[in-house]
Amino acid sequence: MDGETTYKYYNEMMWPKRFAKCISVDQAIELLKGDADTVNC
């Protein structure tokens with residue numbers, strides 16, 4: 001595959017929604033407390 005095809009393959013087909021979402025430490029603490037309604041993820 002050429003570079004453009006490889007880029008599109010991984011970015012549009014392989015990786016979407018496969019990795020963790022980055023959140024702040026404060027958001028993580030709120031999630032651990034079970035207060036997910038106050039966290040904007």
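**Entry 1: Glu30 and its partner**

I looked up Glu30 and found a relative accessibility of 24%, so Glu30 counts as partly exposed. I note here that the model is a predicted one. I then searched for a charged partner, since side chains of opposite charge can pair when their charged atoms come close. Glu30 forms a salt bridge with Lys33, and the closest N and O atoms are 3.6 Å apart. That separation fits the rule, because a salt bridge requires the nitrogen to be within 4 Å of a carboxyl oxygen. I placed both residues in helix α2, which covers residues 25–33. Glu30 and Lys33 are 3 residues apart, about one turn of the helix. Lys33 has a relative accessibility of 60% and therefore counts as exposed.

**Entry 2: the other salt bridge**

How many salt bridges does the rule give? I recorded a count of 2. Besides the pair in helix α2, I found one between Glu4 and Lys8, with the closest N and O atoms 3.4 Å apart. Both of these residues belong to helix α1 and stand 4 residues apart, about one turn of the helix. I checked whether each is exposed or partly exposed. Glu4 is exposed, because its relative accessible area is 52% and the cut-off for exposed is over 50%. Lys8 has a relative accessibility of 38%, so Lys8 counts as partly exposed.

**Entry 3: the aromatic pair**

I next turned to the aromatic rings. A pair of such rings is described by the distance of the centres and the angle of the planes. The count by the rule is 1 aromatic pair. Tyr9 and Tyr10 form this pair, with 5.1 Å from centre to centre and 85 degrees between the planes. I entered the arrangement as edge-to-face, because planes over 60 degrees apart are classed in that way. Tyr9 has a relative accessibility of 29% and therefore counts as partly exposed. For Tyr10 I noted a relative accessible area of 33%, which means that Tyr10 is partly exposed.

**Entry 4: Tyr10 and the surface patch**

I stayed with Tyr10 and located this residue in helix α1, which spans residues 3–14. Which residues make the nonpolar surface patch? I found Tyr10, Trp15 and Phe19, with a patch area of about 350 Å². Tyr10 can be part of the patch because its relative accessibility is 33%, and patch residues need over 30%. I closed the entry with the two roles of Tyr10: a ring in the edge-to-face pair with Tyr9, and a member of the nonpolar patch with Trp15 and Phe19.

Conventions: Residues are numbered from 1 along each chain as its sequence is written. This is a predicted model: local features need pLDDT of at least 70, side-chain atom pairs count only at pLDDT 80 or more; totals for chains, interfaces and linings use all residues. Side-chain values use heavy atoms; hydrogens and water are left out. Patches are made of residues with over 30% relative accessible area and no salt bridge: like charges are joined within 9 Å, nonpolar side chains (Val, Leu, Ile, Met, Phe, Trp, Tyr) within 5 Å. Accessible areas come from the Shrake-Rupley method with a 1.4 Å probe; for residues, only the protein chains shown count as cover. A salt bridge is a side-chain nitrogen of Lys or Arg within 4 Å of a carboxyl oxygen of Asp or Glu. Helices (H or I, at least four residues) and strands (E, at least two) are DSSP runs, numbered from the N terminus. Buried means under 20% relative accessible area, exposed over 50%, partly exposed in between (1.4 Å probe, protein chains only). Rings of Phe, Tyr and Trp (its six-membered ring) pair if their centres lie within 6.5 Å; planes under 30 degrees apart count as stacked, over 60 as edge-to-face and the rest as tilted.
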